[in-house]
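Me: I should like a close look at a single helix and its surroundings. Please explain each term as it arises.

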Amino acid sequence: MTLARFQLGLSVVRNLIAGRAVFDVPNYRESELTRLLNLFAHIDASRWQGMRVLEVGAGYGRIGEVFEQLGFDVTSTDGRAEHVERMNSKGRRAHVLDLDQGEDLTGGYDLVLAFGVLYHLSRPDSFIKRCGEAAKVLVLETVVCDDLRAVLRPVTEPSGWRGKDQALHHLGCRPSPLWVEGCCRTAGFDLIRDISSSVANWKTGSYDWTPRGTGEWRRNGVNLRKMWVCEKTSPQTVLD
Ligand SMILES: C[S@@+](CC[C@H](N)C(=O)[O-])C[C@H]1O[C@@H](n2cnc3c(N)ncnc32)[C@H](O)[C@@H]1O
């Protein structure tokens, strides 16, 4: 374990003892800001004006909240009822949605915001396929593994008090970038832009890492991550 990782663990425990929820620890707040900054540095949000947004694996829904502030109609969801209750209590439209249950995502949405959730799923390909059936745009942000091939590495994740922001069913994955992009293409997104850049970096998340093909998903205590904007530019059928 690196010093940075140890310090992060210590700060999470200290914050939890102080009664703060996992999403309120400084590391999370920093990651929300850097990732949003990166996204808005790479897109022209006015192009999406009028789109209905579905935020999945939302946690406290702070990514969706920014879209709401920009005038988008946002519905936020999470697999954990406690996070949904918290969003509802803040006046947000939110409901429970477990992405590993294969539920249909269609419901009049145009854009899916999937930040920090793909790698907590046991069936991420099924989730991406359903995004393709439901929406024109998918903004996808996730931990990945540094494999140059298209691979999906299943992993088990912590449960209990350490797992409030982890895989609902304790089984997650670390996909390679090529695997994710292949799924997005199969789901019908024909314009897939990798917008990962150092702007999104925070203490324990890196987007400007150098591919080495080592298979690792964490380097020097920092998770390897990617961010994509996937769009359908022409009406087409979803490939099987
Ligand atoms: C790392 S947090 C990300 C929170 C927020 N989207 C962000 O990026 O800051 C992952 C979230 O995904 C949720 N989650 C985990 N497994 C899920 C599943 N199968 N279906 C829906 N949500 C899930 C967790 O409850 C948690 O709120």
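Reply: What follows looks at helix H4 and then at the core to which it contributes.

This is a predicted model, in which local features need pLDDT of at least 70, side-chain atom pairs count only at pLDDT 80 or more, and totals for chains, interfaces and linings use all residues. Residues are numbered from 1 along each chain as its sequence is written.

Helix H4 spans 81-89; helices (H or I, at least four residues) and strands (E, at least two) are DSSP runs, numbered from the N terminus. Its buried residues are His83, Val84 and Met87. A residue is buried if 20 or more other C-beta atoms, placed from the backbone, lie within 10 Å of its own, exposed if 12 or fewer, and partly exposed in between. These three lie on the same side of H4 because they cover an arc of only 100° around the axis, the arc being that of the directions from the helix axis to the C-beta atoms. On the other side of H4, Ala81, Glu82 and Ser89 are exposed.

The buried residues of H4 pack against strand S2 (73-78) and strand S3 (94-96), where contact requires C-beta atoms, placed from the backbone, within 7 Å. Just after H4, Gly91 takes a positive phi of about 85°.

H4 is also among the elements that give two or more residues to the largest nonpolar core, a set of buried Ala, Val, Leu, Ile, Met, Phe, Trp, Tyr and Cys residues joined through C-beta atoms within 7 Å. That core has 50 residues, of which Val112, Leu113, Ala114, Leu138 and Cys184 touch the most other members.

Notes: Two residues are in contact if their C-beta atoms, placed from the backbone, lie within 7 Å.
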